[in-house]
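Trainee: I'd like to go through this model and ask how each label gets earned. Can you put the structure up?

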Amino acid sequence: MCGIVGYIGRDEKKQILLNGLKELEYRGYDSAGIAVLSQNELQTFRSVGKLSNLESKCKDFSSLDFGVSIGHTRWATHGKPTEANAHPHIAAFSNVVHNGIIENYQEIKSALEQKGHTFLSQTDTEVIVHLFEEYTKTFADALQAFEATIAQLKGAFAILLITKKAPDCIFYAKNGSPLIIGRSATKEDEIYFASSDAPLIGLAESVVYLQDGDMGVMKLGAFNTLKNAKKLETTKGYAQKEGYRYFMEKEIYEQHKVLLETMMGRVSEGDIILNEIQPHFFDDIQSINICACGTSYHAGLSAKYLFERLAKIKTNVLIASEFRYAQPVMNTNELFIVISQSGETADTLEALKLAKKNGLKSLCICNVDNSSIVRESDVSLLTRAGIEKGVASTKAFATQMMLLWILSVYIGKIRGHITQKELETHIAQMVTSAKKTYVQSDMHEHIKRLSKRYLHGHGFFFIGRDVFYPLALEGALKLKEISYLHAEGYPSGEMKHGPIALADSELFTLALMPTHLLFDKIKSNVEELSARDATICAVSAHSIKGIDDMILISPCQSYMEEFFAMMVVLQLFALEVAIRLGNDVDMPRNLAKSVTVE
């Protein structure tokens with residue numbers, strides 16, 4: 001959830017760390033801090049809030065001599081967002097940054113307090129640095145003390161530690177949370193650390209993606225001791241907003257391009273080809289379990305309709321955070337599909353590991369190559385969405401949906417449930433669906449003007465049927481994430497089974513009304529709400545009488561084309577409402593991009 005950076009070298013360390021943290025700020029921005037150990041002096045700076053606060057705090061500091069340095073941007077798990085709880089955490093002569101959760105920290109803390117250690121924070125992380133310093137009393141060698149420390153920790157962690165006991169070293173450990181080590185592109189002996197690729201682009205030439213259980217120590221020139229180094233991407237073009245107000249807005253506008261990237265090499269004029277999958281991979285599969293969290297879970301719910309309708313295969317959709325603790329019954333003829341934008345979602349990763357332990361075949365839908373989930377899965381299908389900086393997912397959801405549609409048609413084809421003519425029809429609809437996500441300026445302007453009517457009231461219903469029910473869930477989630485207004489997604493037919501009791505003029509309903517799927521049914525549900533004075537905003541391809549507000553999409557030839565067109569409408573609606581409320585759309589409160597803790 002948090003972001004980590006580190007650097008060993010002679011260049012000015014403050015700016016390297018701050019620049020790296022800026023690339024990771026989307027992962028957490030409750031607080032931030034840096035620490036530099038140079039010429040046997042350990043300097044630490046921490047602040048609450050955005051990185052600009054940290055920059056101000058350390059503006060007069062510079063370190064051009066050789067040294068080691070670490071930095072951290074935090075999303076709070078243990079302890080409130082305060083300066084005392086910010087990383088790096090300090091003991092007598094050492095500093096540590098940590099991403100993850102130490103499950104047994106209370107037990108360790110109590111034992112250390114009995115030995116005279118004093119704690120300044122409410123966090124689980126602080127026990128690491130105190131435990132390390134306690135072990136330096138037993139072990140003269142700092143690496144042995146660090147290894148003994150890690151052996152005592154239970155939970156998920158990515159850790160960087162610096163200490164005066166080894167002033168030219170950064171100690172590292174990884175278990176369940178991502179951590180990468182890179183070699184400088186310009187000075188071969190210098191070394192970088194980060195919790196994702198982004199901070200290393202332009203600085204590191206080669207990187208090693210650490211595996212669970214990896215730990216050790218790095219100093220100048222030590223990168224060559226690591227195995228499985230890979231070349232790193234060299235462009236940072238993604239980091240520019242290119243004239244858009246927010247990264248989220250830019251990413252909404254990019255969707256028509258990235259969807260074509262998703263289809264490239266997989267969707268041709270007359271066939272669907274997935275080179276990532278061996279021909280007989282699905283031969284013994286009798287059912288599918290899809291497991292995911294948040295937006296990815298909504299993509300999975302929509303995919304259930306597609307897999308059962310097109311591939312004729314029984315499909316269940318599971319919330320990853322619930323799956324492991326439900327004592328699930330698993331059969332080896334089930335395919336376990338996990339969906340994750342980052343490939344580091346802790347709950348989804350642990351669910352995948354459990355499925356594999358029980359002998360299930362696994363397939364992941366993911367946006368990040370070399371991520372933990374990709375490495376753990378038998379088969380990986382990359383969405384190719386590019387880096388998504390906005391915390392509220394947009395283009396990642398779009399590409400997940402397209403890839404799941406492609407996969408459902410592919411399985412339907414190889415199982416003989418889709419004819420060649422039907423295959424060609426789906427392919428044509430996929431191409432058109434990508435085009436439907438192109439943002440028309442007049443529609444965006446209409447949504448922008450309309451949004452000012454939806455800033456009050458006591459809540460929102462987003463309603464739809466079939467695949468549009470999960471899309472309604474996703475629309476409600478987008479609004480909640482960035483506007484902080486209460487919203488719920490419902491199957492429209494469920495309104496009369498309880499929720500309609502809330503209906504009045506201050507209840508806003510966004511109704512997804514596709515012309516190619518159950519239109520008359522949902523129209524009847526909308527009329528039930530309208531009769532109780534609910535304010536209705538309908539999203540449809542043609543105008544509907546008696547509706548308070550309309551957002552028109554262009555005419556479509558299929559319900560999936562309508563799905564992608566309406567998806568853009570819901571994203572833009574949430575964006576414009578949030579902007580009118582004065583919220584930071586890219587960095588909504590209490591959220592982070594990658595949920596790498598349970």
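Trainee: Which residue in E6 is the bridge partner of His89?

Mentor: Val96 is the partner of His89 there. Keep in mind as we go that this is a predicted model.

Trainee: How do you know that E5 and strand E6 pair?

Mentor: Pairing takes at least two bridges between the strands. E5 and E6 (residues 94–102) have two bridges, in the antiparallel sense, so they pass.

Trainee: What makes E5 and E12 edge strands?

Mentor: The sheet is an open one of five strands, ordered E5-E6-E7-E8-E12, with antiparallel pairing. Strand E5 (89–90) and strand E12 (215–218) each have a single partner strand, so one side of each has no neighbour in the sheet.

Trainee: Which helix lies across E5 and E6?

Mentor: Helix H4 (residues 126–135), which also lies across strand E7 (155–163) and runs at about 130° to E6.

Trainee: What stands out about the peptide bond between His87 and Pro88?

Mentor: That bond is cis, with omega about 0°. Pro88 sits in the loop between E4 and E5. As background, most peptide bonds are trans.

Trainee: What about the other sheet, what is its strand order?

Mentor: Eight strands make an open, antiparallel sheet, E3-E2-E4-E1-E10-E9-E11-E13. Strand E3 (41–48) and strand E13 (230–231) are the edges, each pairing on one side only. Inside the order, E2 (residues 31–38) and E4 (residues 67–74) pair over seven bridges, and one of the matches puts Val36 opposite Ser69 in E4.

Trainee: Why is H8 called largely enclosed?

Mentor: Count its residues: 13 of the 18 in H8 are buried, so the rest of the structure largely encloses this helix. H8 (residues 294–311) spans 25 Å from first C-alpha to last, close to the 26 Å expected. There is also a kink of about 25°, centred on Ala303.

Trainee: What comes right after H8?

Mentor: Lys312, with a positive phi near 55°. Lys312 is in the loop between H8 and strand E15 (314–319).

Trainee: Why is Lys312 called exposed?

Mentor: Exposed means over 50% relative accessible area. Lys312 has 52%, so the label holds. Gln327 also has a positive phi, near 50°, and at 71% relative accessibility Gln327 counts as exposed.

Trainee: Is Ile373 buried or exposed?

Mentor: Buried: the limit is under 20%, and Ile373 has 0% relative accessibility. Ile373 lies in helix H11 (residues 372–376), and the residues it touches include Val338, Leu349, Leu352 and Cys364.

Trainee: How many disulfides does the structure hold?

Mentor: Zero. The sulfurs would have to be within 2.5 Å. The sulfur of Cys293 is 6.8 Å from the closest cysteine sulfur, in Cys291, so that is too far for a bond.

Trainee: What rules out a bond for Cys556?

Mentor: Distance again: its closest cysteine sulfur, in Cys537, is 17 Å away, too far for a bond.

Trainee: And how do Cys293 and Cys556 get their accessibility labels?

Mentor: Cys556 has 6% relative accessibility and counts as buried. Cys293 has 22% and counts as partly exposed, because the buried class stops at 20% and the exposed class starts over 50%.

Notes. Residues are numbered from 1 along each chain as its sequence is written. This is a predicted model: local features need pLDDT of at least 70, side-chain atom pairs count only at pLDDT 80 or more; totals for chains, interfaces and linings use all residues. Side-chain values use heavy atoms; hydrogens and water are left out. Buried means under 20% relative accessible area, exposed over 50%, partly exposed in between (1.4 Å probe, protein chains only). Helices (H or I, at least four residues) and strands (E, at least two) are DSSP runs, numbered from the N terminus. Contact means heavy atoms within 4.5 Å. Axes are lines fitted to C-alpha atoms, for helices over the stretch in contact, and angles run from 0 to 180 degrees between N-to-C directions. The expected span of a helix is 1.5 Å times one less than its number of residues. The bend at a residue is the angle between axes fitted to the seven residues ending there and the seven starting there. Lists of a residue's contacts leave out its neighbours within four places in sequence.
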